[in-house]
Amino acid sequence: EIITKTKLGKIVHIIIFIILLIAVLFTEPINGATSWFNIGFFSFQPSEFAKFGLVVYIAHIISTDPECVKKVDKFVGKILFPFAFIEALVVIEPHLS
């Protein structure tokens with residue numbers, strides 16, 4: 001219900017996109033992978049947050065427009081294309097864990 005009432009799904013999707021874009025463009029490689037953020041005393045992979053973010057985004061879309069899973073054009077436009085866009089940023093990163 002929280003996902004439906006707020007724009008949490010879209011907000012999470014945009015934040016994940018920005019974080020992944022920053023990781024691809026501006027991070028230094030760690031063991032050959034540019035997918036790590038090094039913040040002082042710890043490092044993390046934004047692609048791990050992307051997995052969660054995509055689930056939240058898809059849940060938001062399905063809860064606000066249940067018909068999108070029944071119609072191909074809505075499915076492609078609202079779920080498949082945004083999913084593929086985020087996954088493309090993950091694939092650009094050399095480390096695919």
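Which residues form one aromatic cluster? In this predicted model, the cluster is made up of Phe17, Phe81 and Phe85. Two aromatic pairs are present in the structure.

One of these pairs joins Phe17 and Phe85. The ring centres lie 5.2 Å from each other, and the planes meet at 20 degrees. The arrangement is stacked. Phe17 belongs to helix H2, which spans residues 8-26. Phe85 belongs to helix H4, which spans residues 72-92. The two residues are 68 apart in sequence, so their pairing ties together distant parts of the chain in that sense.

A further pair links Phe81 and Phe85. Here the centres are 6.0 Å apart, with 25 degrees between the planes. Planes under 30 degrees apart count as stacked, so the Phe81 and Phe85 pair is stacked. Both residues sit in helix H4. Four residues separate Phe81 from Phe85, about one turn of the helix.

Solvent exposure was computed for each member of the cluster. Phe17 has a relative accessible area of 24% and is partly exposed. Phe85 is also partly exposed, at 42% relative accessibility. Phe81 reaches 56% relative accessibility. The cut-off for exposed is over 50%, so Phe81 counts as exposed.

How values were computed
Residues are numbered from 1 along each chain as its sequence is written. This is a predicted model: local features need pLDDT of at least 70, side-chain atom pairs count only at pLDDT 80 or more; totals for chains, interfaces and linings use all residues. Side-chain values use heavy atoms; hydrogens and water are left out. Rings of Phe, Tyr and Trp (its six-membered ring) pair if their centres lie within 6.5 Å; planes under 30 degrees apart count as stacked, over 60 as edge-to-face and the rest as tilted. Buried means under 20% relative accessible area, exposed over 50%, partly exposed in between (1.4 Å probe, protein chains only).
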